[in-house]
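Ready for some practice in reading a protein structure? Take a look at the sequence and the model first, then work through the exercises at your own pace.

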Amino acid sequence: MIPYGRHSLDASDLAAVVQVLEDGLLTGGPQVGCFEQALAQFSGAAQAVVVSSGTAALHLAYQALGLGPGDEVIVPAITFAATANAALYCGARPVFADVLADSLLIDPASVEACISPASRALVAVDYAGQPCDYAELSELAQRYGLHLVADACHSLGASYQDRPVGQLADVSCLSFHPVKPITSGEGGALLCQDAQLAERLRRLRNHGLDSDFAQREGWQYAMLELGYNYRLTDIQCALGLSQLQRLPDFIARRQAIARRYAAAFAALPAIQPLGLRPYRSHGYHLYVARLPGGAGRWFQPLRRLGLGVNVHYQPVYLHPYYQQLGYAAGLCPQAERAYTEILSLPLYPAMSDAEVEQVIHCLCQVGEEIGL
Ligand SMILES: *Cc1c(COP(=O)(O)O)cnc(C)c1O
């Protein structure tokens, strides 16, 4: 099976992990700060705070921005459930905005229609690795006094108007799950400009304690607020740091595969790659195609041919849990229509040219079989 996504580890990644295991602290040690510094430098953000997952990053971002009961958070309908779930963790209510039909990025016009007196934050999800329309979204956030959060779990290494992901919102959340742009096993990070916000995030990551074990000089320490254990281990940070050195190569390879797909599918009207928006570079975490004949007709035949195609994503509010909370079907028509037509095709840096050609061949074959 050729999976839709997969990590890529080389000897340098393994050596970095082994070195920590042989003679480093396993957690709370120097790798944490090294990884944070490297992330900040890579993205041009002033501050980076690593945490145990992308979900933990979203949770801490919303909490540190003060979201709570009675507050509304605007999120796109097409995203991983965690973008919305983290609002529920804080007692806030996710409000789902529709997506643009061509790119499946959050639609600024739909965002404006979602704004109410209870709106506190707007979350831009850089779907598939393509940055959102940040000029329009920043303007809306400013006009209505909303915090702008980037769910950049797909897009580390991409940019918008020559500004790297990490500088495009008040706070940006990353994931280092194995299918994401770089991996630390599990892991995540927050990027921001504000040193006070970063200090609060570090405290929340460590139970709300005012200093962590390594920094502590005296015997006294204080828990100032209710926090969590969202720390990332030194083992994970060493892997993440090593992967970050390789990210430019990963992105170049992802972009090359995407170009090959686009060229191959240009002649096939039954397969429509998602649209590219201007003034930005795409990180191609996912390669999503629309299949106007209905993705359901392609899914099983492609799986039988050994392609690990997948669907990213079902509109979040259609999940049974959200239906029980009272969200009705029909809320976001573009998202619901897209959901019936999208498939993520295999794309990851370690894919060989032969595997890329095999994917194209399988799509052509299935297209012929089902008469599209
Ligand atoms: C992966 C992902 C998350 C959650 O990240 P984890 O590290 O798996 O917790 C959140 N949002 C989006 C858009 C994601 O793709």
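The exercises below concern a predicted model, and each comes with a worked solution.

**Exercise 1. Find the two domains and state what separates their centres.**

Step 1: Start with the bounds. Domain 1 covers 2-244 and domain 2 covers 247-369.

Step 2: Now go to the centres, taken over C-alpha atoms. They are 24 Å apart.

**Exercise 2. Describe how much area domain 1 and domain 2 bury between them.**

Step 1: Recall a common habit: the size of an interface is often given as the accessible area lost when the parts come together.

Step 2: For this pair of domains, the buried area is about 4100 Å², with 60% of it on carbon and sulfur atoms.

Step 3: Look for the main contributors on one side. Ile2, Tyr4 and Phe96 provide 21% of what domain 1 buries against domain 2, more than any other three residues.

Step 4: Count the residues in contact: 47 from domain 1 meet 51 from domain 2.

**Exercise 3. Work out which polar pairs and which elements make up the interface.**

Step 1: Between domain 1 and domain 2, 27 residue pairs are in polar contact.

Step 2: On the domain 1 side, β1, α4, β4, β7 and α8 each bring at least two residues. The most come from β4, which gives four.

Step 3: Sort that side of domain 1 by residue type, and you get 29 nonpolar, twelve polar and six charged residues.

**Exercise 4. Trace the salt bridges, first in the whole structure and then between the domains.**

Step 1: Here is the idea behind them: side chains of opposite charge can pair when their charged atoms come close.

Step 2: The structure has 16 salt bridges, and three are counted between domain 1 and domain 2.

Step 3: Try checking a pair yourself. The closest N and O atoms of Arg277 and Asp102 are 3.7 Å apart, and the cut-off is 4 Å, so this pair counts as a salt bridge.

Step 4: Asp10 and Arg246 form another salt bridge, at 3.3 Å between the closest N and O atoms. This one joins distant parts of the chain: Asp10 sits in the loop between β1 and α1, while Arg246 is in helix α8, 236 residues apart.

**Exercise 5. Which residues come nearest to the ligand?**

Step 1: Of the 16 residues around the ligand, the nearest are Gly54, Thr55, His154, Ser175 and Lys180.

Step 2: Take His154 from that list. An N or O atom of its side chain is 2.7 Å from a ligand oxygen.

Step 3: Add two further side chains. Asp151 has a polar atom 2.8 Å from a ligand nitrogen, and Tyr313 has one 3.3 Å from a ligand oxygen.

Definitions and conventions:
Residues are numbered from 1 along each chain as its sequence is written. This is a predicted model: local features need pLDDT of at least 70, side-chain atom pairs count only at pLDDT 80 or more; totals for chains, interfaces and linings use all residues. Side-chain values use heavy atoms; hydrogens and water are left out. Domain bounds come from an automatic or database domain assignment. Contact means heavy atoms within 4.5 Å. Buried area is the accessible area (1.4 Å probe) that two parts lose on being put together, summed over both. A salt bridge is a side-chain nitrogen of Lys or Arg within 4 Å of a carboxyl oxygen of Asp or Glu. A polar contact is a pair of N or O atoms within 3.5 Å; within protein, one must be able to donate a hydrogen and the other to accept it, and residues adjacent in sequence count only if both atoms are side-chain atoms. Ala, Val, Leu, Ile, Met, Phe, Trp, Tyr, Cys and Pro count as nonpolar, Asp, Glu, Lys and Arg as charged, and the others, Gly among them, as polar. A residue is near a molecule or strand if one of its heavy atoms lies within 4 Å of it.
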